[in-house]
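The following exercises ask the student to read a protein structure step by step. Each task is followed by a worked solution.

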Amino acid sequence: MREPRHEPPPPPRQPPLALAFSGGGFRASLGALGVLRFLAEAGLLAQVRWVSSVSGGSVANGVFAASYEDLGAAGFTPDALEEHVVQPFVERIGETSMAEAMVRSIWRVVGRKTRTDLLAETLDEWFLGGRLLENISPNCRFIFNAANLTTGVRFGFERDVFGDYVLGLRETAGSGLRLAQAVAASAAFPGAFAAVDLGRFTFPCSKGRTASLLDGGAYDNMGLEPVDDLNHRDHPEELRDACLVVMNAGGVFQTGAYGRLPLVRDLQRTNSLLYRQSVVLRTRAMVERFQAWERAPDGERPPWARRGVLFGLATTMPAGTAEEWRERRPEPSKKFIAELAKTETSFNRFPQHLCDRLLYRGWWLAGATLSQYHRELLPADLPFRPDPDA
């Protein structure tokens with residue numbers, strides 16, 4: 001049976017773009033918004049046709065989805081992105097800690113309501129305005145990824161469908177699901193938030209099972225799985241050969257002494273190792289596919305090759321690369337980059353200058369990697385923006 005999902009329309013010019021935003025609290029949200037800022041300034045934002053996200057990246061994805069029609073009406077200009085997305089987000093998280101605001105509102109968690117429900121309500125109040133998932137734009141596939149504790153696989157929320165490949169997919173229309181609920185399920189970090197129970201919904205292959213959802217980073221913290229096969233033969237030709245831009249703002253593994261309480265320390269360390277292993281394996285596989293695209297001539301690329309770039313907040317560009325980009329935009333020191341990548345993973349208040357630094361880092365990395373590996377996609381005059389720490 002064909003999935004009740006519709007592909008987005010072709011972009012105004014080729015190639016289409018796909019984005020993947022990782023988890024990492026507001027650190028990841030700001031890095032992702034920096035990528036969107038670069039794409040707007042390079043005239044590429046209108047070409048985005050897929051955005052797959054996890055946790056903190058899903059917050060940025062949600063704000064983008066909620067503002068997509070307004071951005072389109074304004075021509076996807078840099079000014080429109082600043083007005084509708086970036087500045088409202090920075091002003092809100094720079095003034096108030098979402099975590100503290102939720103603590104002050106904990107009295108609202110009564111009956112069957114959970115802390116994750118409170119997170120969704122706060123996201124609505126701060127950013128998303130109660131918008132229904134089924135009412136976001138069909139011109140881009142916004143994908144919000146959670147992890148299903150029942151089936152052990154990725155559970156996705158989209159405009160048209162929600163579900164996973166074990167339970168099956170059901171249509172979003174008529175479900176009453178809000179965009180904020182999808183974002184909250186994607187960001188429901190274990191321990192801090194309760195699992196999202198979707199027992200009120202039945203799925204085609206559920207066999208009495210239901211969905212119990214937590215942070216999508218437990219399964220795939222870079223949100224790569226939904227955009228893994230953009231060249232599928234069922235896709236319209238105008239949507240194939242997309243350029244995939246992957247932003248990994250997840251936590252940085254720190255070596256050396258780790259904690260004091262043996263049991264807690266060892267469990268945390270083991271969890272960090274498992275997370276690092278999954279990220280490394282996914283990263284290595286995707287980079288190999290990017291390299292296969294770059295090395296093979298047109299017409300001879302293997303079907304699994306992909307066009308794109310992948311970077312993390314701690315990524316440094318090797319000497320001799322992205323020289324045109326670096327000419328007016330020098331890269332900060334490795335020490336500075338490491339410190340920025342270790343910014344706390346939280347939904348606490350982020351001071352203005354820290355917001356500016358994380359936005360700039362996402363912007364800089366998107367520009368550096370695309371100018372190095374896919375210069376043909378960018379305008380003759382590369383975007384310029386002063387470093388907030390210059």
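Helices are DSSP runs of H or I with at least four residues, and they are numbered from the N terminus. The model examined here is a predicted one.

**Exercise 1. Determine how many helices and strands the chain has, and decide whether the chain is as compact as a globular protein of its length.**

Solution.
Step 1. The chain has eleven helices and ten strands.
Step 2. The radius of gyration is 20 Å, and the globule rule gives 21 Å for 390 residues. These values are close, so the chain is as compact as a globular protein of that length.
Step 3. Along the principal axes, the C-alpha atoms fill a box of roughly 60 × 55 × 40 Å.
Step 4. Of the chain's contacts with a separation of 6 or more, 74% are between residues 24 or more positions apart.

**Exercise 2. Describe the surface and the charges of the chain.**

Solution.
Step 1. The exposed area is about 17500 Å², of which carbon and sulfur atoms supply 51%.
Step 2. Buried residues make up 53% of the 390 residues.
Step 3. There are 45 positive and 46 negative side chains. The centres of these two sets lie 6 Å apart.

**Exercise 3. Identify the residues that touch the most other members of the largest nonpolar core, and state which helix supplies its largest share.**

Solution.
Step 1. The largest nonpolar core has 101 residues, and Leu 39, Leu 123, Phe 127 and Phe 157 touch the most other members.
Step 2. Helix 11 (residues 352-373) gives this core its largest share, eleven residues.
Step 3. A second, separate core has 15 residues, among them Leu 224, Leu 239, Ala 242 and Met 286.
Step 4. Returning to Leu 123, its contacts, with residues up to four places away in sequence not counted, are Val 59, Met 98, Leu 128, Ala 180, Val 183 and Ala 184.

**Exercise 4. Locate Ser 22 and decide whether this residue is buried or exposed.**

Solution.
Step 1. Ser 22 is found in the loop between strand 1 (17-21) and helix 1 (25-41).
Step 2. The relative accessible area of Ser 22 is 2%. A residue counts as buried under 20%, and Ser 22 is therefore buried.
Step 3. With residues up to four places away in sequence left out, the contacts of Ser 22 include Val 54, Gly 56, Asn 221, Met 247 and Gly 250.

**Exercise 5. Examine the backbone at Pro 15, Ser 55 and Asp 241.**

Solution.
Step 1. Most residues other than glycine have a negative phi, and most peptide bonds are trans.
Step 2. The peptide bond from Gln 14 to Pro 15 is cis, with omega near 0°. Pro 15 is found in the segment before strand 1.
Step 3. Phi of Ser 55 is positive, near 50°. Ser 55 is found in helix 2 (residues 55-73), and its relative accessible area of 6% makes it buried.
Step 4. Phi of Asp 241 is also positive, near 55°. Asp 241 is found in the loop between helix 7 (217-220) and strand 9 (243-248), and counts as partly exposed at 35% relative accessibility.

**Exercise 6. Decide whether Glu 95 is buried or exposed, and give the separation of its C-alpha atom from that of Gln 47.**

Solution.
Step 1. Glu 95 lies in helix 3 (residues 78-95).
Step 2. The relative accessible area of Glu 95 is 61%. A residue counts as exposed over 50%, so Glu 95 is exposed.
Step 3. Glu 95 and Gln 47 are 48 residues apart along the chain, and their C-alpha atoms are separated by 33 Å.

Notes: Residues are numbered from 1 along each chain as its sequence is written. This is a predicted model: local features need pLDDT of at least 70, side-chain atom pairs count only at pLDDT 80 or more; totals for chains, interfaces and linings use all residues. Side-chain values use heavy atoms; hydrogens and water are left out. A nonpolar core is a set of buried Ala, Val, Leu, Ile, Met, Phe, Trp, Tyr and Cys residues joined through side-chain atoms within 4.5 Å. Buried means under 20% relative accessible area, exposed over 50%, partly exposed in between (1.4 Å probe, protein chains only). Helices (H or I, at least four residues) and strands (E, at least two) are DSSP runs, numbered from the N terminus. Contact means heavy atoms within 4.5 Å. The radius of gyration is taken over C-alpha atoms; the globule rule is 2.2 Å times the number of residues to the power 0.38. Accessible areas come from the Shrake-Rupley method with a 1.4 Å probe; for residues, only the protein chains shown count as cover. Lys and Arg count as positive and Asp and Glu as negative; His and the chain ends are not counted. The place of a charge is taken as NZ of Lys, CZ of Arg, CG of Asp or CD of Glu.
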